[in-house]
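This report walks through selected features of one protein structure for a reader who has not met it before. It begins with a single side chain and its contacts, and then turns to sheets, cores and a few individual residues.

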Amino acid sequence: MRAGGKRHSPPAEFGELARDQASALDREPIWQIQSGPPLMSNAMDRSVDILFLIGCWEGESKRYRVYNIAEGLNSLGYNTEVMDFNRGGDIVDRNICPKVIIFFRSPFDPSKRVVELLEYCRVHRIDTVFDVDDYVFEPGIIESIAGVAALNADQRRDYEWGVRAYRSLLFSCGKGTTTTPFLAERMRELGRDAHVVPNSFNAAQLSLSEAILAAPPPCDGKIRICYFSGSNTHGRDFQQCAAALQGLLRRHPNIIFRLVGMLDLDESWVPFAERIERRGFMPALDMLQNMAECAINIAPLEEGDVFCEGKSELKFFEAALVELPTVASRTGPFKAAIEDGVTGCLASSLSEWEDKLDDLIRSAELRAQIGKAARKHALEAFSTETAARKAIIAYDLPAPTPAAAHHLKDRLKIGWIVPGLIIGGGGHRNILRAAYHLEQFGHDVRLYFSDTSLSDTELRRGVQEHFYPFEGRVRRFTGQANGEDVLMATHWSTVGLAESVRSSVGQIFYFVQDFEPAFYPMGSEYILAENTYRKNLYAITSGPWCAQILRRDYGMEADSFQFPVDESIYNRTAGKGQERAKRLIFFAKPEMERRCFEIGRMALHHFHRLRPDYEILFFGSSGAKNHRQDYPVTYLDVVPTLEDLAQLYATSTAGLVFSTTNPSLVPYEMMACGLPVVDLDRPGNEVNYDNRRDIALLTDADPSRMAQAIANLLDDPVQLASRSAAGLNFASTFPSEREMAERIEQLLTSRLKMLSERQASSSSIPNSN
């Protein structure tokens, strides 16, 4: 059990399996915070259909109740956005009008402008939905909840306030959604219109489960029974089967009990100590890996307990993804999800628990049969699409239509002016990635290269051989355009070129990947680059940091897309089973001033004096070895393949990476491999890490202070694990390449639509003369 400490962030309370997994030791969720984060998308699109407000960031509930549902809705063609409830007033200030706003675990807290927001929704006819996944809206049951007695006075006060505040917002919203029929019925008893939107697994979990089943972990002859308890408040639940499990351990010497979480075992377990595997809290994807190593999953709950009856089926369906059979208590949700003896097993009495488990222990064939049936059912009943379709009904949305990206009646002509062709250049890859996918979506995409001596044929060959199989026009820019609906300037030096053909194109947009003036010392190039931000162009930026600067300092209209991370390459398994070495890696590029090579090398000089037992490795540039240091350094230069790079990330202890003009993909790919990242604590840099300070370690630029901060991080296994887990989950929210391109397409089409409507509106005003 966890209790909230501040009224503006109500308690997560007794969350379910993966939510319980989030702890101070190894906190997975990307959205876990020390203080409330701002918008998940700093470039909120006013055309958003569905807007989720997260009131409880602690734990993993938001993954099931917000991000998984949003993933499904997006796949069906809706435009969803996610915000922090504490920033709900921004909706009013920015005149954002979605069709529906879902308040997930949000309290009725007037200090957060909730009264103003609700009135705004009423006036603008925006539907409001209160969503919750636990029985935390009924003060009358507080005394019966396991764990409440263990709260101190402050925690108890916060918990009671949270329950009442949730209840108040439930009454203030038009309807309620929740995870189980039991909870929906409790809402209806209060006179609320209530609907069930089930929990679900997401695409990342599905993809990993497929990989696991394709290459299952080796068997050591042991039969592992696993219990993912989460917090230490499940003692009464575990007692439903504890004695039965002990009896089986006595009877079967090949059984191992794997316990994941903080559950306390009493003295009766001492005789089995050598056959108990304890695991700490772990990220959801690691949880699947651990489940795949086991033979049987157990999900005991206290039958008849009102709080337990509200628990969803997720302990069943997540195990089912890796064909792991589950024995569960006969609560309402488990009875609905599990066909006893077919897709799983249900048990109530100790004898029934023992018999059901014994049958599975004795028969590998039965385990496989039930596991396969469980997976089949889980795929049908608990996908994000299934949850999304339930949400569509609950939110009273019109039926989904195919995403505009793939069935455009008005095919766009999109031109890109690109400065040269740099083989291996990250900026060029980002541009060509977007262009390629937009072409795949059906648009007519053209590439115009400036500042190059290459022929059209050579340019096309370079694009296709080193980047993407792009089939559209590839030309040197010769001062002519060809009637494009949109012409994208992609560097400050291309803005003037785009403006020179303004009369031949519909609109000029600015694709911004860095704050480019900072490439230069203050002087002509700095001023010329900066001046392109004053030309009243609409900007689409790579990441939120540049968009924030352009809006704040130059008054530009700017939206952003997030970097894509290829999770098939960058993931926790990229280490291929190797343990993490005592190795600190530095993305060392002395040829790029914005990479702050000098700060890094000086910090590592001090770090080596503090922790000489750590290997220091420089990678990313062949030029780094020309700068010899007075401490031992391994020079890796340019890593041969992406797989080798991912393996380096997955087998090191921490990564040092700086970019002062906008982050690159490097820190996010490190995080996707579970590698904690160290970056500079510069004004605004936290924007690149979800406006949080618990993901990357943002350090003072003073080399000695930076070295000490790194040493402190590496000496603290709790902080190290926490940042690794937070980074993993942050990276897991990043889009695929296709999703990145879909976001860019959505920004293009929305902007063109808005400009068209604006033009039509202005032309309809009668001339007063």
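The side chain of Asn199 makes a polar contact of 3.0 Å with the side chain of Arg65, and the Asn199 side chain makes another polar contact, also given as 3.0 Å, with the side chain of Ser312. These values, like the others in this report, come from a predicted model. Asn199 is placed in the loop between β6 (194–196) and α7 (203–214), and with a relative accessible area of 1% this residue is buried.

**The seven-stranded sheet**

In the order β15-β14-β13-β16-β17-β18-β19, seven strands form an open sheet whose pairing is parallel. The edges are taken by β15 (473–476) and β19 (558–561), and each of these has a single partner strand, so one side of each is left without a neighbour in the sheet. On average, and with direction ignored, neighbouring strands of this sheet are turned by 25° against each other.

Within this sheet, strand β13 (residues 413–419) pairs with strand β14 (residues 444–450) in the parallel sense over seven bridges, and Ile414 stands opposite Val445 in β14. Helix α17 (residues 426–440) packs on the sheet, where α17 touches β13, β14, β17 (507–512), β18 (538–542) and β19, and the direction of the helix makes about 165° with that of β13. Another helix, α19 (residues 492–500), lies across β13, β14, β16 (486–489) and β17, and runs at about 135° to β13.

**The six-stranded sheet**

A further open sheet has six strands in the order β22-β21-β20-β23-β24-β25, with parallel pairing. Here β22 and β25 (697–699) stand at the edges, and because each has a single partner strand, one side of each is left without a neighbour in the sheet. For this sheet, too, the average turn between neighbouring strands is 25°, direction ignored.

Strand β21 (residues 615–619) is mostly covered, since four of its five residues are buried. The pairing of β20 and β21 is parallel and extends over five bridges, and Glu615 in β21 is the bridge partner of Arg583. Between these two strands the chain passes from β20 through α22 to β21, in a β-α-β crossover that is right-handed. β21 also pairs with strand β22 (residues 634–637) in the parallel sense, over three bridges, and there Phe619 stands opposite Asp637 in β22.

**Two nonpolar cores**

The largest nonpolar core has 39 residues, and those with the most contacts inside it are Leu53, Ile91, Ile101, Phe103, Leu117, Phe130 and Tyr159. At least two residues of this core come from each of β1 (50–54), α3 (89–93), β3 (100–104), α4 (114–123), α5 (153–172) and α6 (181–189). Separate from it is a second core of 35 residues, which includes Ile431, Phe441, Phe449 and Phe470.

What does Phe130 touch, if residues up to four places away in sequence are not counted? Its contacts are Phe103, Ser106, Tyr166, Leu169, Leu170, Cys173, Lys175, Gly176, Thr177 and Met187.

**Individual loop residues**

Most residues other than glycine have a negative phi. Arg105, which is not a glycine, nevertheless has a positive phi of about 45°, and Cys596 likewise has a positive phi, near 50°. The place of Arg105 is in the loop between β3 and α4, whereas Cys596 lies in the loop between β20 (583–587) and α22 (597–610).

A third loop residue, Met262, is found between β8 (255–261) and β9 (276–279). The C-alpha atoms of Met262 and Ser229 are separated by 7.1 Å, although these residues are 33 residues apart along the chain.

Is each of these loop residues buried, partly exposed or exposed, and which relative accessible area goes with it? The table sets out the three cases.

| Residue | Relative accessible area | State |
|---|---|---|
| Arg105 | 0% | buried |
| Cys596 | 14% | buried |
| Met262 | 36% | partly exposed |

The cut-off makes the reading of the table plain: buried means under 20% relative accessible area, so Cys596 at 14% counts as buried, while Met262 at 36% is partly exposed because this value lies between the 20% and 50% limits.

Definitions and conventions. Residues numbered from 1 in each chain as written. Predicted model: local features only at pLDDT ≥ 70, side-chain atom pairs only at ≥ 80, totals over all residues. Heavy atoms only, no water. Core = buried A, V, L, I, M, F, W, Y, C linked by side-chain atoms within 4.5 Å. Buried < 20%, exposed > 50% of the residue type's maximum accessible area, 1.4 Å probe, protein only. Contact = heavy atoms within 4.5 Å. Pairing = 2+ DSSP bridges. Right-handed = clockwise from strand over helix to strand, strands pointing away. Polar contact = N/O pair within 3.5 Å; in protein donor to acceptor, adjacent residues only side chain to side chain. Axes fitted to C-alpha atoms, helices over the stretch in contact; angles between N-to-C directions.
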